[in-house]
Each structure stands twice: as structure tokens, then as C-alpha cells.
Amino acid sequence: MKLRVITILLSLFLVMRLAAQESEIDTTIKLDLLKSPSSPAFNLLGISPSLIERPSDITDFRLSLQNATTNFSIPDAYAVELAPFLMKRKKYLLNTFNDNKYTIPQTFVVSAGYSRLGPDGGDDVDSLKTTKLAFGIKFSIKRPGWTRKTEKIYDSLINLQKHLLNAFAQISQSNAHNEQVSVYKVELKGIIKKPSANWTEAEKQRATFLTKAIDSLEVLIGNESNEAMQELRSDVAEASEVYKKLKETASSFSQERKGFFIDFASGIVVDFPANRFDNSRMSKAGAWLTMGNENGNKGVTSLFILRYLYQPESIFADPQGNLSTDKVSTFDAGGRLLINAVEGRFALSSELLYRSVLGKSDLQPSWRFVLNAEYALWKNQKLSFAFGRNFDGTISKGGNLIAALNFVAGLGSTRKVATKEN
Amino acid sequence: MAKKKALKTLVNESDERTAHFGMYKVEDSDRHVHLDLFPGATGQSAISTVKLESTTLVREQEGSIEDLDLGTNAELRGQEMTIYTLVTDVSHDTDLTTLDMILKGGVEEYSISLKRTVQSQGDSVGYKITILFFQ
């Protein structure tokens with residue numbers, strides 16, 4: 001038995017040595033072609049990302065609109081991207097970014113765009129200009145959680161914040177201006193012992209004065225206390241030390257995520273050919289659903305994309321451009337799977353792309369598949385396997401394992417397999 | 001039925017203030033007064049402590065505080081509430097730190113917005129709000 005195992009291993013080793021003529025397989029990852037654009041509406045409308053306004057609150061949005069419509073003139077193009085849930089008074093603080101409950105409101109982005117442009121060469125001719133309106137949404141349905149490392153750093157950040165909050169309160173309470181604040185407060189508390197309805201005019205005026213005076217002093221105390229912490233002063237050495245550590249931790253904090261995710265994006269463009277609102281047609285539309293498992297290229301990492309496009313610029317399934325894109329809908333899908341196992345000794349990567357034109361029988365759906373696998377036997381000795389199928393059905397293979405498999409299993413096989421991709 | 005008087009919101013916005021002292025008018029009733037505390041901006045990290053006289057109502061709470069019951073109008077008369085909040089600039093998108101406070105349930109709604117833009121990434125800002133309840 002031992003002899004048989006040694007013989008097989010030796011044969012494998014020899015075959016691996018001899019099989020230097022590995023066939024080349026196109027393993028280029030082309031999944032990026034299907035990825036949803038960062039701004040779906042503007043991508044469909046053809047507006048450059050640099051022209052997009054991104055106001056962070058209502059005031060910014062109002063200013064943006066004002067600037068765009070200066071002197072009551074309507075601009076040739078305007079694009080705005082808003083995160084409506086982030087404009088509310090309640091802000092999403094760092095602690096909510098690791099909770100899937102807040103994923104949709106934190107990632108929800110609405111985009112709206114407008115353009116009134118003429119064809120190439122006729123940009124300035126008013127009668128040739130077509131008005132286009134675009135609208136898009138984008139959000140995450142499920143977001144991966146923080147990695148253990150990120151959670152650990154966050155915990156230490158919170159502990160330092162707790163220390164500094166208490167230190168800040170102490171610094172604030174020991175400020176010299178508090179003496180005057182106390183005097184004013186005693187007087188104010190004396191006045192408010194009576195209901196305000198019974199205050200005399202002099203008491204009303206005094207209460208107003210004292211409130212303003214205390215407020216001013218508190219602002220002064222606040223400024224001085226913050227300065228004391230930030231300037232790392234020796235009289236507040238302990239707080240300054242915590243401040244320094246907290247600053248280091250906070251400035252280097254990054255949210256590393258790991259786990260399952262689902263993202264959705266969609267956009268639509270409506271044309272107004274005669275520049276009239278009662279004459280419109282949908283010129284383009286698209287929807288992207290992206291999901292997968294983010295694992296930092298360790299263990300299992302996967303990505304799957306589904307894409308629907310209506311009247312795209314070019315049809316993915318028709319690279320030669322034989323088919324007109326007029327009223328054409330396409331559905332494309334892609335997947336990528338990466339597996340790293342056995343302490344990094346086994347690695348598998350595969351990619352699948354599917355492309356189709358909906359409702360057209362003259363162009364059949366096609367698919368492409370690539371698979372690469374490697375297993376490290378010993379140092380500098382790897383067993384590898386590669387397999388590929390192109391859109392046209394051509395199959396290719398490579399790696400030293402395939403040679404071994406041919407050697408072992410090829411005795412009774414008459415099937416011919418191409419060794420080179422098209 | 002007489003139309004109920006709309007609650008007037010007192011908004012005291014000012015630039016780069018980190019502290020505030022104000023008076024909040026309560027009535028002689030059993031109606032409860034509630035506090036909302038919203039630190040910001042989005043993506044920053046914040047910790048808050050809320051005290052009513054010497055009683056700590058909330059100690060070192062992360063993030064926002066919503067609908068905190070401070071007691072009835074009548075109970076709060078003459079009492080002082082102190083809020084300490086520390087906001088640390090963690091977000092790489094903004095250097096702005098903010099603190100919004102809203103009091104509801106008294107005679108009128110009362111709100112205050114404080115803010116400070118930090119000088120460099122990772123800086124922290126300490127905020128203090130003191131409210132004296134009167135009738």
C-alpha cells in the first residue's frame with residue numbers, strides 16, 4: 001500500500017515537473033463591467049460626477065438651487081445628490097454604523113438631474129435641444145458588520161471618551177469664573193422661588209440679565225476648558241494625556257467590515273423631445289442588485305450582481321453592435337467566488353458572467369465561466385487547475401493538475417479538449 | 001373647541017459655542033417633561049452625562065438620548081439640569097461637531113444648537129448645557 005501511494009505521488013510530482021507547457025487561460029475578472037455606477041441617474045443621463053452637487057443639509061440644498069438659478073435663468077444642466085435621512089436633526093453617530101437597523105437610512109441616496117442639451121455640433125441651437133430629467137435611488141439593504149478588530153478599537157475609543165468627558169467636567173467645574181456664576185445663580189434661584197406671573201418688572205429684568213450673564217460666563221468657561229484640554233497644558237496633565245491618546249485612536253479609526261451585504265441601485269431618464277411636459281418618453285432605465293460576502297479575501301469571499309438595463313448605450317451581449325438598442329431591454333448577471341482554505345494552502349477563484357437581450361430571439365443568451373484552483377503541496381510546489389468557458393462555448397484548461405488528470409484518466413477517453421482559449 | 005396654541009420653538013443658534021445656560025418655563029401640572037439630545041455630525045462619536053441637581057439620570061451614554069423623562073412640570077420647578085457631552089471627530093467627511101438639545105412638555109418647546117469645527121482630525125470638543133426650570 002505504502003509503495004502504491006509513493007508511486008502515485010512520485011508520478012504526480014514527475015508529471016508536474018514535465019507539464020511545463022501550461023495552456024494560457026484568460027482569467028481576467030470582468031465582473032466590474034456589471035457594477036452599479038456610483039450615481040445611477042447621472043450615469044444614465046451622461047452628467048460628469050464633478051458637476052454633481054452634494055448638499056449636506058437643507059440650507060446647502062437651498063444655496064445650491066439658488067446658485068444654479070442665478071438671475072432666474074435655467075441652467076443647461078443641474079444634478080443634485082441628497083441623503084435625505086442624514087439631513088434630519090438627529091444625526092447618525094458612530095455607534096449606529098455597526099447596527100443593521102440603520103443601514104437603509106444611512107446609505108439611502110436620492111439623485112435627480114436635468115439637462116437641456118443639443119446634439120454634437122448643434123449645442124447652441126435652441127430648437128435642437130432636448131430636455132432630459134433623471135431620477136435615481138441607491139441604498140444598502142444589508143451591510144456587513146464591523147470586524148472584531150474594528151469593534152476592539154471602537155471600545156477603546158469609547159473608554160477614552162468616558163475618561164475625557166469626566167475630566168472635562170472637572171476642568172469646567174474648577175474654572176475660576178464659576179465663583180461669579182454661583183453668585184449669579186443664587187440670586188436667580190431667589191427670584192424663581194416665586195412663579196414668574198408674580199414677578200415685578202424689576203425682577204423680570206434682573207432675571208433676564210442674570211440668565212444672559214451666566215450664559216456668557218458658561219461660554220467663556222467652555223472655551224477655556226476646551227483650550228486647556230486641547231493645548232495639553234501641564235495643569236490638566238491627566239486630561240491632556242487622555243486627549244492625546246483619544247486623538248490618536250480617533251484619527252486612525254476606520255470601519256473595516258466583514259460579512260454578507262446587499263446593495264440596490266436604480267435610475268431612470270425621461271426625455272422631453274419637444275421640450276413640453278405633455279410629451280415625454282422613458283429613454284433609459286437601469287437597476288442593479290449587488291450582493292455577496294465580504295471577508296477580506298480570507299475564507300469565502302463572494303460577489304453576485306444582477307443588472308437590468310433599458311435602452312443601454314451598448315448591449316453587453318452584442319459587442320459588435322449588430323442589434324439596435326431601440327426599445328431593447330437587457331439582463332446581465334455575474335458572480336465571483338474566492339475561497340481561501342487549509343491555512344491559505346488552498347485557493348479557488350471562479351467567475352461567471354451571463355448576458356442576454358430580453359424579448360429578442362435573434363440573439364441567444366451566452367455565458368462565460370473561469371475557474372482557478374491551487375493547492376500548495378510543499379514549499380514552491382503547487383498543484384494547480386484552471387478551467388474556462390468563453391461566451392462562444394470554447395472550453396480551455398490549464399495548470400499542472402489537468403495534465404495529471406489526463407495522465408490518470410485519459411486512458412479511455414477520446415474527448416478532445418482545447419488547450420488554448422480563443 | 002378653542003384652537004390649541006402652537007408650540008413655539010426657541011432656537012438659539014450661534015457660531016462655535018460649546019456651552020449654554022438657559023431657563024425653561026414649566027407649569028404647575030403632572031405633565032412630564034422630556035429631553036432629546038442629538039450630538040453630531042453624522043459619523044462622529046459622542047458620550048453624554050445628564051444630571052438633575054445631584055442625581056445622575058444618564059451616565060456616559062453613547063450616541064443620542066431620546067425622550068428622556070425628566071419628571072413632571074411641578075417636580076422640576078426650581079431644579080437645575082446639567083448636561084456634559086463630549087464629541088470626538090472620527091468622521092473623515094467632516095470636521096464639524098454639533099450638539100442639539102430639545103426640551104418638550106413644559107410651557108413651550110425649547111431647543112438649542114451648539115457647534116464647533118475642530119482644527120484637526122481626531123480632536124474632541126466638550127459641551128455643557130445648563131437649564132434652570134422655573135414656573
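Which residues of helix 8 of chain A are buried? I opened the notebook with this point, and I keep in mind throughout that the model is a predicted one.

**Entry 1: helix 8 of chain A**

I listed the buried residues of helix 8 of chain A and found A:Ala239, A:Ser240, A:Val242, A:Tyr243, A:Leu246, A:Lys247, A:Thr249 and A:Ala250. The helix runs over residues 237–251, which makes 15 residues, and I get 21 Å from its first C-alpha to its last, close to the 21 Å expected at 1.5 Å a residue. I then looked up what lies over these buried residues, and the cover includes helix 5 (148–173) and helix 7 (201–230) of chain A as well as strand 7 (80–88) and strand 10 (124–134) of chain B.

I also checked A:Glu238, which belongs to helix 8 of chain A. A:Glu238 counts as exposed because it has 11 C-beta neighbours inside 10 Å, and the cut-off for exposed is 12 or fewer. For a distance along the chain I took A:Leu63, which is 175 residues away from A:Glu238, and the two C-alpha atoms are separated by 44 Å.

**Entry 2: helix 7 of chain A**

How far apart are the end C-alpha atoms of helix 7 of chain A? I find them 44 Å apart, and this agrees with expectation because 30 residues at 1.5 Å a residue should span 44 Å. The buried residues of helix 7 of chain A are A:Leu210, A:Ile214, A:Glu218, A:Ile221, A:Gly222, A:Ser225, A:Asn226, A:Ala228, A:Met229 and A:Gln230. I note that helix 5, helix 6 and helix 8 of chain A are included in what covers them, together with strand 2 (19–25) and strand 10 of chain B.

**Entry 3: where chain A touches chain B**

Since chain B turned up in the cover of both helices, I went on to the contacts between the chains. I have 43 residues of chain A in contact with 41 residues of chain B. On the chain A side, helix 5, helix 6 (178–191), helix 7 and helix 8 each supply at least two residues, and helix 7 of chain A gives the largest share, twelve residues. Sorted by class, the side of chain A that touches chain B holds 21 nonpolar, twelve polar and ten charged residues.

**Entry 4: chain A as a whole**

I stepped back to chain A, where I count nine helices and 13 strands. Of its 422 residues, 24% are buried. Among the contacts in chain A with a separation of 6 or more, 63% are between residues 24 or more positions apart.

**Entry 5: strands 8, 9 and 10 of chain A**

I followed the strand pairing next, beginning with strand 8 (residues 299–310) and strand 9 (residues 329–341) of chain A, which pair in the antiparallel sense over twelve bridges. Within this pair A:Phe304 stands opposite A:Gly335, a residue of strand 9 of chain A. Strand 9 of chain A is also joined, by 13 bridges and again antiparallel, to strand 10 (residues 346–358) of chain A. There I noted A:Ala341, whose bridge partner in strand 10 of chain A is A:Phe346. The hairpin of strand 9 and strand 10 of chain A has four residues between the strands, and in it A:Val342 takes a positive phi near 50°.

**Entry 6: strands 4 and 5 of chain B**

In chain B I looked at strand 4 (residues 45–52) and strand 5 (residues 55–62), which pair in the antiparallel sense over five bridges. B:Leu52 stands opposite B:Thr55 in strand 5 of chain B, and the hairpin has two residues between the strands.

Where does B:Glu53 lie? I place B:Glu53 in the loop between strand 4 and strand 5 of chain B, and its phi is positive, about 55°, although it is not a glycine. B:Glu53 counts as exposed because it has 9 C-beta neighbours inside 10 Å.

B:Glu60 is another residue other than glycine with a positive phi, near 50°, but its place is in strand 5 of chain B. With 17 other C-beta atoms within 10 Å, B:Glu60 is partly exposed.

**Entry 7: a cis peptide bond in chain B**

Last, I checked the peptide bond joining B:Gly40 and B:Ala41, which is cis, with omega about 0°. I place B:Ala41 in the loop between strand 3 (32–40) and strand 4 of chain B.

How values were computed: Residues numbered from 1 in each chain as written. Chains lettered and ligands numbered in written order. Predicted model: local features only at pLDDT ≥ 70, side-chain atom pairs only at ≥ 80, totals over all residues. Buried ≥ 20, exposed ≤ 12 C-beta atoms within 10 Å, placed from the backbone. Contact = placed C-beta atoms within 7 Å. Expected span 1.5 Å × (residues − 1). Nonpolar A, V, L, I, M, F, W, Y, C, P; charged D, E, K, R; others polar. Pairing = 2+ DSSP bridges.
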